[in-house]
Amino acid sequence: MTDLYSVLILSLVSASIYAVAASGLVLTYTTSGIFNFAHGTIAMFSAFVYWQLRSPDAWGLPVPVALVLTLFVFAPALGWFIDWAIMRRLHDASAMIRIVVPIGLLVALISLAQIIWPPATVNARLDDFFNGESIRLGEINVTYHQLIVFAVAVAVAIGLRILLFNTRTGIAMRAVVESRDLAALNGANPNRYSAISWALGSMLAAVAGLLISPLLQLDQVNLTLLVINAFAAAVVGKLRSLPLTFVGAIFLGLFVELARRYQSDLPTWISPDTVPVLMLFVALVVLPQDKAAVFNVARGSTRVPQVTVRTAALTGLGLVAVAWMIPSLMTGNALQTMGFAMGLGLIAISMVPLTGYAGLLSLAPMAFAGVGATVMYDMGKTGNPLALILVVLICGLTGAVVALPAIRLKGLYLALATMAFAFFCEKVVFGPTAARLNSHAYHPLAIGDWEAASPRAQLVVMAVTVAVVGVLITALRRSAFGRQLQAMKDSPAAASTLGMSLTRLKVEVFAMSAAIAGLGGALLAIWRGQYNAEQFSLLQGTLPGLPLVLMAVVGGIAAVAGAFLGGFLLAFMPLIGETYPFLRNLMNLTPGLVGLGLAANPNGAIAQTVEQVTAKWEARRSDHPPEDNLGRRILTALAPGEPSFAPERLLVGGSADAGALAATDAEIGLDHGRCDVDPRSA
Amino acid sequence: MTSPRDFDPSAGSATSAALVDEVAPLIELRGVRASYGRIEVLHGVDLVVPHGEVVALLGPNGAGKTTTLSVITGQHQPSSGCVHVAGRHVNGADPAALARAGLCTIPEGRGVFRNLTVRDNLRMASMTGVPESDVVERAVARFPRLGERINQVAGTMSGGEQQMLAMARGLATDPGVLLIDELSMGLAPLIVAELYEIVAGIAREGVSILVVEQFARTVLGVADRAVIMQHGTVVATGTPAEIEAELSAAYLGAST
C-alpha cells in the first residue's frame with residue numbers, strides 16, 4: 001500500500017511539472033497560433049541561467065534574487081525577444097514555415113547554451129528548494145520541493161484560467177490569434193498582445209525548467225527532451241484546452257511513474273523514456289482533431305521548380321565525376337566528411353517527394369535512415385549489395401506502417417507524430433542496436449571479388465545512387481503520380497473529388513520517402529564502417545536529424561538539388577569548425593540560425609536569394625521602401641520613433657450639414673495640393 | 001475659420017479638435033493611390049465623408065472598394081495621396097490607434113472573433129478605451145437577441161446574428177465614424193433589410209457612416225450620398241437618386 005502511495009505521490013509530482021510545461025505550450029499556441037517546439041529549450045536555458053546566478057561555482061546570488069531575475073526578468077525578456085525578432089513575422093506564413101522556424105529556434109538555443117555552458121567543462125547541478133527537507137504525510141515522506149511543485153501547478157492552472165477568460169488582456173490575447181487585423185480594428189495592438197503571450201509562455205517554460213532540473217544533472221539536450229515529454233499532455237488538451245491538458249499531464253505522470261516502478265515486468269519498448277512519446281503518438285492518432293485548433297494559415301505558395309530530366313541527369317553525371325576526383329584532392333577528415341555529405345544529401349533528398357511535392361512535413365528522415373542502417377547491419381554486414389534492396393523494402397514498409405495511422409494527420413500534427421516516431425526509434429532501436437554491435441560492424445559493398453572498398457569506389461557508388469534517385473524524383477515530378485501529389489498539396493478537397501485516393505497517395509509517398517532515407521542511412525553507415533546510437537538521433541550527436549530537416553528546407557525542399565545541397569552543407573559545418581576553431585561556435589549555431597532565417601525567406605534560401613536579389617534591384621529602381629527585415633527592425637527600435645498622427649477622439653455627430661454636398665465639395669475643392677502640406681510641418 | 005492646413009499639432013488638443021470639427025469632413029481621401037506588390041489597384045481616389053452623413057461606396061467586384069476602406073483604417077499604406085480623418089493627416093497611422101480615436105470598422109465577411117463568446121466579443125470593444133462595464137449592457141439593450149446568446153461562441157451563431165454582433169461591438173465603442181464593408185454579403189434579403197434599418201437608426205443618432213456594397217438598391221435607401229467606383233477610380237458621385245441612374249452603366253462595365 002505504501003508502495004502504491006509513493007507511486008501516486010511521484011506521479012502527481014511529475015504530472016505537476018508536465019502540466020506547467022504543457023500549459024505554457026498551450027498558452028503560446030492558443031494566443032499566437034505557433035506551436036513552440038523550442039519550449040523545452042527555453043526551460044533548459046532558464047535553468048542554466050538560474051544555475052549561473054545561483055550556484056556558488058558561478059555568481060552565487062541568494063535564492064530569491066536568482067529566482068526573481070530568472071523568472072521575472074530573463075524568461076519574459078527572452079519570450080518577448082523571440083516574438084519581436086521572429087514569431088511576429090510568421091502570422092502570414094505557411095503551415096510548414098510555422099513548424100520549421102520554431103524548430104530552428106530549438107536547435108539554435110541548444111547550440112547557444114552549449115557554447116555558453118560547455119558540457120565538457122561546466123558541471124552544473126541544482127539543489128532542490130529547501131535542501132530535501134520533508135514532512136510525513138501518513139506513512140510516506142513528502143519533500144517540500146515536491147509540495148512546491150504541486151502548489152505551483154495548481155497556481156498556474158487557476159491563474160491561467162482567470163487570465164485567459166476573465167481579464168481583458170486574456171480576451172485580447174485570444175482575439176489577436178484569431179485575427180490580428182480584426183483585433184487591430186478594435187483598437188488592440190496585435191504586436192503587444194502576441195508579445196505578452198510569448199513572455200508568459202516563456203515564463204511558464206522557465207518555471208517548468210526550474211522545477212524539473214533539481215532532479216538531474218543539467219544537460220542541454222536531456223533537459224530539453226524532458227520538457228518535450230510534456231507535448232503529449234498538450235496534445236491530449238488538443239493544444240487549446242487547459243483543463244484537458246492538465247488531465248493529460250496527470251495521466252502522463254501516472255504512466256511514466258508506473259513504467260518506472262514496474263520496468264522489470266514490462267517489455268523493453270515500454271519504459272519511462274518511451275512512455276511519453278508513445279502517449280504522444282497514440283494521442284495524436286486516436287483523439288479527434290479539433291479543426292478550430294488549426295489556425296487559419298496561408299496556403300503554402302511554394303512553387304515547385306520544373307527541372308528537366310536532362311538537366312538532372314547531366315547534374316548527376318557531374319556529381320559522379322566530382323566523386324571520382326575527390327580522393328585525389330582530399331584526404332583524412334575532409335575526405336571522411338565528403339562521404340557523410342553524400343549520405344546526408346541522399347537522406348535530405350528523401351524529403352523532396354514527401355515534403356516538397358506532397359507538402360507533408362516529416363521530422364523523421366534521420367530515423368528512417370537509422371532503420372536503414374540497422375537493416376543493413378542485420379542483413380548485409382558482409383557487403384552483399386542485395387541487402388540494399390532489402391533495406392529499401394523494409395524501410396518502405398516501415399514508412400507505410402507509420403504513415404497508415406498518421407494518415408489523417410496533417411501539418412503540425414503529422415510533424416509531431418513523426419517526431420514521436422523518431423524519438424521512439426532512438427530509444428528502442430538505435431540504442432540497443434549500438435549496444436550489440438562492435439565498432440567495425442560494416443564491410444564495404446562487394447560483388448564476388450570486386451569490392452568497393454576504396455574511398456573512391458565508395459564515393460562513386462554513393463554519387464551514382466544520389467544521381468539515379470535524383471533523376472527518378474525529378475522525373476516523378478512530371479509524372480501522373482507527381483501531379484497527383486501536387487494536387488493533393490494544393491487542394492485536398494478538389495483532389496479527392498477528382499477521384500484520387502488521398503490515403504493511398506500519402507502512404508505511397510511516405511513509403512517512398514522512408515525507402516530513400518533508409519538507403520541513405522545504409523550507405524552512410526557503410527562509409528563510416530560503424531554504428532553508434534547518436535548517429536541517427538534527432539538532437540544528439542554531431543549530425544542530428546532536426547538540423548538536417550532544417551537544412552533541407554532551407555536549401556529548398558521542392559527541388560532535388562536544393563535539398564541535396566542542404567544535407568551536403570550540414571556535413572561540412574563541424575569540419576569547418578575543426579579546421580578554423582574561431583568559427584566553431586558559429587558553425588554549431590548555423591543550422592538553427594538558418595532555420596530561423598526561414599522566417600524571412602519562406603521558400604528556401606536558394607530560390608529565395610535569387611528572388612530577393614531581383615526584388616531588391618526592382619525596388620531600388622522603382623524607389624519602394626525596403627521590406628521588413630531584422631536589421632531594419634533594430635534600426636526602427638533604436639531610432640527615435642516618429643510621432644503618431646492618430647487624430648483626437650472624434651465627436652459623435654458634430655456639425656452635420658446634411659444635403660449640402662455641393663457646398664462641402666466646394667469648400668474642400670479637389671485641392672490635391674493640400675496633401676503635400678504635412679500637418680507635422682505646418 | 002481654420003483649415004486643416006493651419007492645424008498645429010502642438011496646440012492644446014481640445015481646442016484644435018473643436019476647430020477642426022467645425023470645418024473638416026470626417027474622412028477625406030485625396031488622390032490616393034495604392035498597390036499590392038507591383039499591381040496598382042487604386043489610381044487616385046478622391047472621397048469625402050462629411051459629418052453625420054451616410055455615404056454609400058458602390059461598385060462591381062475588384063473596383064477597389066475594400067482596398068479604399070483598408071487605406072482609411074490604416075491597414076494598407078497608400079503609395080501616394082493622402083488620407084485625412086477629422087482634418088488630420090493620418091497616412092501611416094496605426095490601425096489600433098485609429099480605432100481608439102473612434103474610427104470603427106466592420107470588415108467584410110462577419111467581423112466577429114468566431115472562437116470567442118458573444119460576451120468576450122463585446123468586451124473587445126473596451127480595447128478602444130470605453131469603460132468595460134457598460135459595453136455589454138449597452139449592446140444588449142440595443143440588440144436584445146444578443147443578450148439571449150451572451151455565452152454562446154460567436155462562430156456558432158447564424159450569419160445575421162454574427163453581423164449584428166459585429167455592429168453591436170462597433171457601436172459600443174461610441175464611434176465617430178462607422179465603416180461597413182459588404183453588410184449584405186451572404187445574408188437573406190429580409191435580414192439585410194433588418195440590418196439596414198439598424199444602420200439608418202445609427203445614422204439618425206448622428207454617426208457618420210461609410211458603407212461599401214455591391215447590392216446597391218438596399219443601401220441607396222439609407223444613404224445621403226453615393227459614390228461609384230470602377231477600376232480603381234471614382235467614376236461618379238451624387239445623391240442616391242442621381243447615382244441610381246448611373247448604376248446600370250457601371251455594372252454593365254461601360255465606363256462613364
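## A sheet in chain B and two helix pairs in chain A

In this predicted model, chain B holds an open sheet of 6 strands, arranged in the order β6-β7-β8-β3-β9-β10 with mixed pairing; strands here are DSSP runs of E with at least two residues, helices are runs of H or I with at least four residues, and both are numbered from the N terminus, while two strands pair if DSSP finds at least two bridges between them. The edges are taken by β6 (103-106) and β10 (233-238) of chain B, each of which has a single partner strand, so one side of each is left without a neighbour in the sheet. From one strand to the next, the twist averages 15°. At the β10 end of the order, strand β9 (residues 225-230) of chain B pairs with β10(B) in the antiparallel sense over 5 bridges, and B:Q230 stands opposite B:T233 in β10(B).

Two helices of chain B lie across this sheet. Helix α2 (residues 65-73) of chain B lies across β3 (54-58), β6, β7 (177-181), β8 (208-213) and β9 of chain B, and runs at about 150° to β7(B), where axes are lines fitted to C-alpha atoms, for helices over the stretch in contact, and angles run from 0 to 180 degrees between N-to-C directions. Helix α8 (residues 189-204) of chain B lies across β3, β7 and β8 of chain B, running at about 155° to β8(B).

In chain A, the description turns to helix packing. The axes of helix α16 (residues 365-380) of chain A and helix α22 (residues 502-528) of chain A come within 6 Å and cross at roughly 60°, which makes α16(A) oblique to α22(A); angles under 35 degrees count as roughly parallel, over 145 as roughly antiparallel, 65 to 115 as roughly perpendicular and the rest as oblique. The crossing of α16(A) with α22(A) is right-handed, meaning that the near helix is turned clockwise from the far one by less than a right angle, whereas an anticlockwise turn would be left-handed. Among the residues that make the contact are A:F368, A:G372 and A:M376 of α16(A) and A:G518, A:G521 and A:A525 of α22(A), a contact being two residues whose C-beta atoms, placed from the backbone, lie within 7 Å. The residues of this contact divide into 14 nonpolar, 5 polar and no charged, with Ala, Val, Leu, Ile, Met, Phe, Trp, Tyr, Cys and Pro counted as nonpolar, Asp, Glu, Lys and Arg as charged, and the others, Gly among them, as polar.

Helix α2 (residues 39-54) of chain A packs with helix α9 (residues 220-228) of chain A at an angle of about 130°, their axes being 8 Å apart, and the two are therefore oblique to each other. The crossing of α2(A) and α9(A) is right-handed. Residues including A:H39, A:M44 and A:A47 in α2(A) meet residues including A:Q220, A:L223 and A:I228 in α9(A), and the contact of these helices comprises 7 nonpolar, 5 polar and no charged residues.

Confidence should be weighed alongside these features. The model scores ipTM 0.76 and pTM 0.79. The mean pLDDT (the predictor's confidence in each residue, from 0 to 100) is 81 for chain A, where 83% of residues reach 70 or more, and chain B averages 80, with 86% of residues scoring at least 70. Within chain A, confidence is highest in helix α3 (residues 63-85), at a mean of 93, and lowest in helix α28 (residues 661-668), at 40. Over residues 651-674 of chain A the pLDDT is below 50, and over residues 1-22 of chain B the pLDDT is also below 50. Where pLDDT is low, the predicted coordinates should not be read in detail.

Residues are numbered from 1 along each chain as its sequence is written, and chains are lettered from A and ligands numbered from 1 in the order in which they are written. Because the model is predicted, local features need pLDDT of at least 70 and side-chain atom pairs count only at pLDDT 80 or more, while totals for chains, interfaces and linings use all residues.
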